[in-house]
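Here is a quick walk through a model you can turn around on screen while you read. Let's take the ligands, then the helices and the core, and finish with a few loop residues.

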Amino acid sequence: MIGGGTDLMAQRDQGLAAPLVVIGTSAVASMRRIRTVDRGRIEIGAAVTLAELADWARTRVPILTSVVTTIASAQIRQVATVAGNLGQEKRCWFFRNDFDCYKRGGVTCPCYAIEGDHRLHHAAIGAHRCQAVTPSDLATVFDALDARIRLVSATGSREVTVTDLYVGPGELGLRAGEVIEAVLLPAEVGEVVGVFDKLQQTEGDFALVSVALCVRPDAEGRWASARYTFGGLAARPWSPAKLNAGVLGRRPGTAEVTTLLDHELEWEAHPLPGNRWKLDAAVGMAARVTSQALEARDE
Ligand SMILES: Cc1cc2nc3c(=O)[nH]c(=O)nc-3n(C[C@H](O)[C@H](O)[C@H](O)COP(=O)(O)OP(=O)(O)OC[C@H]3O[C@@H](n4cnc5c(N)ncnc54)[C@H](O)[C@@H]3O)c2cc1C
Ligand code: SF4
């Protein structure tokens, strides 16, 4: 499948993809629309461009506009698509530059990132043989929004969570003949206070660490639902279950969030020597988005 081609064409030049047949999604009308569907859910077609998504979301789901404006450049956002963003390959420097690592050369090859430079685009949580992370910023935000991804094939369709969409860093768990048809946002998305923060080397660059926080406050401002999701930390978007549970039913303070996340990371994190800094960054960013979410509710 090809959306905008901004990654697939690069992958072809880097020797990572050699498709014999390429099927474009931009002319598939059902993949080009955003509409309300069953039970008030919002369906975002796979071939909607990032620029179209940002325009649509500005007054409806502002966190989506916030994230899109941090991605690449205005020109790329005009052509890059929602599904292409989710499906883009990992940014590991070795992988993109023709090193015969485990992911390129197979099981007999090493992961060069373990001994090599792993400071920026590698995991600090839960990596196995490959240390890369999923680069999609939309995946981080869709996960925090509790979105579902609809996959379709000639034999039917199914929905998966954002985490279950991936079987590895930037690797989609699609069955034979299956494609992403749409992203589905919950009906309550209009009540969500959403904040996104991203650490990047330069404007438009990929996330080193990112966090999305989506909160649904009740009438008294207590958090009836809350989900933090981090990008750049693990092979797939990572949501800290204990922190999410710990902030429910109250207006948590930033110190409390810091303590909860620190404890959770003590158990979950396995950083490489050069990327331990990501854990400190994640804790600081979690505190920052927490206070921004509290302030947004108070405005
Ligand atoms: C300079 C630069 C900076 C960038 N910075 C960021 C950033 O900060 N954050 C970020 O998130 N992204 C970033 N990107 C990625 C960019 O935003 C695009 O989303 C991404 O390149 C792919 O979008 P595309 O539609 O062109 O996908 P394509 O290149 O068309 O496809 C990418 C992959 O997705 C698959 N695919 C496409 N559509 C479907 C479908 N319907 N079903 C199943 N598989 C499908 C393709 O087969 C391919 O494997 C950057 C890209 C560049 C070039
Ligand atoms: S992190 Fe993954 S892609 Fe990068 S060198 Fe290691 S095995 Fe290869």
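The shell around ligand 1 splits into 14 nonpolar, 12 polar and 3 charged residues. This is a predicted model, so treat everything below as computed from a prediction. In total, 29 residues surround ligand 1, and G3, G4, G84, N85 and G87 come closest. Which helix gives the most to the shell around ligand 1? That would be α5, with 4 residues. At least two residues each come from α5 (82-87), α9 and β7.

Now for the other ligand. Ligand 2 has 14 residues around it, and the nearest are C92, F95, C101, C111 and C130. By class, the shell around ligand 2 has 10 nonpolar, 2 polar and 2 charged residues. Three helices each put in at least two residues here: α6 (93-96), α7 (102-105) and α8 (112-115).

**The chain as a whole**

If you step back, you can count 13 helices and 10 strands in the chain. The radius of gyration is 19 Å, close to the 19 Å that the globule rule gives for 299 residues, so the chain is as compact as a globular protein of that length. Along the principal axes, the C-alpha atoms fill a box of roughly 55 × 50 × 35 Å. Of the 299 residues, 46% count as buried. Take the contacts between residues at least 6 apart in sequence: 62% of them join residues at least 24 apart.

**Two helices and the core**

Is helix α9 (residues 137-144) mostly covered or mostly open? Mostly covered: 8 of its 8 residues are buried. Those are D137, L138, A139, T140, V141, F142, D143 and A144. Recall that α9 also supplies at least two residues of the shell around ligand 1. Right after α9 comes D146, with a positive phi near 60°.

V141 is worth clicking on. The largest nonpolar core has 87 residues, and V141, L213 and L233 are the ones with the most contacts inside it. Helix α13 (residues 277-298) gives this core its largest share, 7 residues. Setting aside neighbours within four places in sequence, V141 is in contact with I63, L64, V67, F196 and A212.

Helix α2 (residues 50-57) has L50, E52, L53 and A57 among its residues, and these are buried. They span an arc of only 160° around the axis, which puts them on the same side of α2. What do the buried residues of α2 pack against? Their partners are β2 (42-45), α3 (62-68), α4 (74-79) and α5. That last helix, α5, is the one that gives the most to the shell around ligand 1.

**Some loop residues**

Four loop residues make a handy set to look at side by side. The table gives the C-beta neighbours inside 10 Å for each, with the resulting class.

| Residue | C-beta neighbours within 10 Å | Class |
|---|---|---|
| A17 | 14 neighbours | partly exposed |
| R39 | 8 neighbours | exposed |
| A72 | 17 neighbours | partly exposed |
| L174 | 16 neighbours | partly exposed |

A17 sits in the loop between α1 (8-13) and β1 (34-36). Leaving out neighbours within four places in sequence, A17 is in contact with L8, Q11 and R12. A17 and N85 are 68 residues apart in sequence and 16 Å apart in space, going C-alpha to C-alpha. You met N85 earlier, as one of the closest residues to ligand 1.

R39 is in the loop between β1 and β2. Its phi is near 50°, which is positive in a residue other than glycine. Why does R39 count as exposed? Because R39 has just 8 C-beta neighbours inside 10 Å, and the cut-off for exposed is 12 or fewer.

A72 lies in the loop between α3 and α4. The phi of A72 is also positive, near 50°, in a residue other than glycine.

L174 belongs to the loop between β6 (171-172) and β7 (179-185). From L174 to V82 you go 92 residues in sequence and 16 Å in space, C-alpha to C-alpha.

Notes:
Residues are numbered from 1 along each chain as its sequence is written. Chains are lettered from A and ligands numbered from 1 in the order in which they are written. This is a predicted model: local features need pLDDT of at least 70, side-chain atom pairs count only at pLDDT 80 or more; totals for chains, interfaces and linings use all residues. A residue is near a molecule or strand if its C-beta atom, placed from the backbone, lies within 6 Å of it. Ala, Val, Leu, Ile, Met, Phe, Trp, Tyr, Cys and Pro count as nonpolar, Asp, Glu, Lys and Arg as charged, and the others, Gly among them, as polar. A residue is buried if 20 or more other C-beta atoms lie within 10 Å of its own, exposed if 12 or fewer, and partly exposed in between; C-beta atoms are placed from the backbone. The radius of gyration is taken over C-alpha atoms; the globule rule is 2.2 Å times the number of residues to the power 0.38. Two residues are in contact if their C-beta atoms, placed from the backbone, lie within 7 Å. The arc is that of the directions from the helix axis to the C-beta atoms. A nonpolar core is a set of buried Ala, Val, Leu, Ile, Met, Phe, Trp, Tyr and Cys residues joined through C-beta atoms within 7 Å.
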